[in-house]
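Please take a moment with the sequence and the model below before reading on. The paragraphs that follow lead from one residue outward to the place where two chains meet.

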Amino acid sequence: MNRTPRGAAPTAVLVVLLSLLSGCGAASGDRNTLTVLAAASLTEPFREIGDEFSKRAPEVDIRFNFQGSSLLAEQIRQGSGGDVFASANTDMMARVRGADALAGEPHTFATNQLAIVVPPGNPAGVESLADLTDSDTSLVVCAPRVPCGSATEQVESASGVRLDPVSEESDVKNVLHKVVAGEADAGLVYVTDAGSAGDEVEAIDFPTSDEVTNEYPIARLAAAEHPELAGRFVEFVRGERGQRILGEYGFGAP
Amino acid sequence: MGVPLPLRLPALLALALIVLPVLGLFARIDPGRLPALLTSSTALTALELSVRTALTATVLALLLGGPLAVVLARSRFPGLRFVRGCVLLPLVLPPVVGGLALLYLLGRTGSLGGPLRDWFGLTLPYTTTAVVLAQTFVAMPFLVVSLEGALRAAGTEYERVSATLGAGPWLTFRRVTLPMLLPPLGSGLVLTFARALGEFGATITFAGSLRGTTRTLPLAIYTEAQADVDAAVAMSLLLVAIALLVILVARPKAVEGRA
């Protein structure tokens with residue numbers, strides 16, 4: 001009979017668990033990994049900005065975490081780490097600031113506007129904001145709880161048009177997906193998302209879109225492991241190079 | 001009898017992994033705000049929709065999945081193993097895959113949804129019906145699996161006796177098979193209902209999210225979590241409480257260890 005010494009298995013389990021835990025600890029303590037938490041709508045330009053930044057500072061690895069600004073704000077408040085936060089509106093930045101999680105002042109580095117997107121060929125013949133209220137037109141928008149949704153609400157009050165969506169998605173990319181998949185006749189997304197979707201959608205500007213502008217603030221986080229690097233990244237985004245890349249993706253200047 | 005020592009610690013860790021996060025939810029809650037959050041119109045609207053759709057999905061699962069279980073347990077045909085495997089798919093697929101699959105079949109441009117729309121002017125996405133379909137897709141296998149397992153375990157002896165006494169297949173099914181199925185049917189229905197109540201991924205992908213129409217409790221929790229975490233946690237507690245209640249009150253056999 002093959003007998004294992006008493007307690008050997010629990011000890012083994014503990015050893016495995018502990019080594020896993022310590023492994024995680026070591027990873028987050030990397031010397032030059034800059035963690036940037038950024039709004040999902042910044043995904044494409046920030047990847048490019050990150051590449052450019054790394055060219056100038058090869059010793060730095062940038063790790064991006066792109067998610068909804070609201071979710072990121074909550075994670076920061078709950079104490080998840082990170083060096084830089086870039087939000088899709090000022091509310092979410094204010095929430096992080098209210099939790100004393102910022103180091104220094106946030107700076108607006110870009111602006112964004114909404115556009116109507118329709119599937120190629122515009123099957124429902126949408127021409128204007130008012131056409132979206134047609135009951136035959138299935139419209140998908142962002143939920144009021146997320147930045148693109150609060151921008152949508154502002155568009156409604158600025159234009160006086162009462163929208164009647166068939167679905168309120170929790171993320172601007174989900175709205176875009178419903179339109180790309182042909183499951184919605186129209187959607188309201190950021191101009192920049194419409195641009196990144198290329199030929200998969202047609203974008204339609206509307207007059208009041210200029211009046212409702214989302215401001216994107218960026219700030220260093222109080223919990224930053226690399227405060228100096230974080231400051232350099234913020235400056236790079238706000239600098240000439242970063243601004244040019246953001247402009248190429250359709251973002252407005254602050 | 002005794003449980004070997006080397007099993008006890010991992011068992012304890014496993015239990016902790018399930019129970020501690022749920023307890024953590026309770027710790028996160030602000031008791032002062034709880035009553036207001038639970039009776040908010042957002043929570044109540046979502047709860048009402050959830051219960052209504054999950055009940056409908058359970059009935060649908062019974063009407064369609066029940067017969068499927070009998071067919072799987074009592075017939076022999078080539079490819080039976082494959083069919084049985086397919087029935088299990090929703091259990092192992094990520095629900096969002098189920099949602100995409102439903103969307104590309106029944107969506108407005110889907111292979112079945114397109115003709116439905118062109119011929120009958122019928123569109124499913126963004127409707128409460130879509131929620132029920134998503135829930136049925138994900139939850140029905142629980143019913144089929146528990147019923148089929150029970151039928152196989154019971155064997156066909158009584159049914160054969162009934163046949164030799166001159167009863168036809170339908171009479172035999174009603175008078176012999178059905179009574180045998182009642183206890184496992186209860187537990188299967190409870191599991192199906194609980195799973196339908198918790199459905200998230202397939203619903204948000206296929207049915208979208210609109211208050212009162214398609215935003216069930218899990219979807220409302222997700223949307224609230226973007227803005228008011230306390231409200232999201234309160235609604236999560238509601239869902240945990242209902243799920244526990246359903247499981248404890250109905251004491252399904254599959255959960256009691258006699259699947």
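Helices are counted here as DSSP runs of H or I with at least four residues, and they are numbered from the N terminus. With that in mind, and remembering that this is a predicted model, one can begin at Arg215(B), which sits in the loop that runs between α10 (201–206) and α11 (217–225) of chain B.

Is Arg215(B) buried or exposed? Its relative accessible area is 11%, and because buried means under 20% relative accessible area, Arg215(B) counts as buried. Its surroundings come from both chains: leaving aside residues up to four places away in sequence, Arg215(B) touches Ala143(A) and Glu168(A) on one side of the pairing, and Ala46(B), Leu49(B), Ser209(B), Leu210(B), Ala220(B) and Thr223(B) within its own chain. Two of these neighbours are also joined to Arg215(B) through side chains, for the side chain of Glu168(A) makes a polar contact with that of Arg215(B) at 3.0 Å, while the side chain of Ser209(B) does so at 2.8 Å.

The contact with Glu168(A) leads on to the meeting of the two chains, to which chain B and chain A contribute 29 residues each. The size of an interface is often given as the accessible area lost when the parts come together. Here chain A and chain B bury about 2400 Å² between them, and 53% of that area lies on carbon and sulfur atoms. Of the area that chain B buries against chain A, 30% is supplied by Arg108(B), Tyr126(B) and Gln226(B), more than by any other three residues.

Across this interface there are four salt bridges, and in a salt bridge between Glu224(B) and Arg145(A) the side chains meet at 2.8 Å, N to O. Between the two chains, 12 residue pairs are in polar contact, counting pairs in which both residues have pLDDT 80 or more. On the side of chain B that touches chain A, α1 (5–28), α5 (95–106), α10 and α11 each supply at least two residues, and α1(B) gives the most, with six residues. That side of chain B is made up of 16 nonpolar, seven polar and six charged residues.

A record adds a further view of chain B, since an unreviewed UniProt entry places the feature "transmembrane region" at residues 51–73, 85–106, 126–145 and 231–250. In the model, residues 85–106 of chain B are 91% helix and 0% strand, with end C-alpha atoms 23 Å apart, whereas residues 126–145 of chain B are 90% helix and 0% strand, with end C-alpha atoms 30 Å apart.

Technical notes. Residues are numbered from 1 along each chain as its sequence is written. Chains are lettered from A and ligands numbered from 1 in the order in which they are written. This is a predicted model: local features need pLDDT of at least 70, side-chain atom pairs count only at pLDDT 80 or more; totals for chains, interfaces and linings use all residues. Side-chain values use heavy atoms; hydrogens and water are left out. Buried means under 20% relative accessible area, exposed over 50%, partly exposed in between (1.4 Å probe, protein chains only). A polar contact is a pair of N or O atoms within 3.5 Å; within protein, one must be able to donate a hydrogen and the other to accept it, and residues adjacent in sequence count only if both atoms are side-chain atoms. Contact means heavy atoms within 4.5 Å. UniProt positions are given in the numbering used here, feature names are shortened, and annotations may be inferred rather than shown by experiment. Buried area is the accessible area (1.4 Å probe) that two parts lose on being put together, summed over both. Ala, Val, Leu, Ile, Met, Phe, Trp, Tyr, Cys and Pro count as nonpolar, Asp, Glu, Lys and Arg as charged, and the others, Gly among them, as polar.
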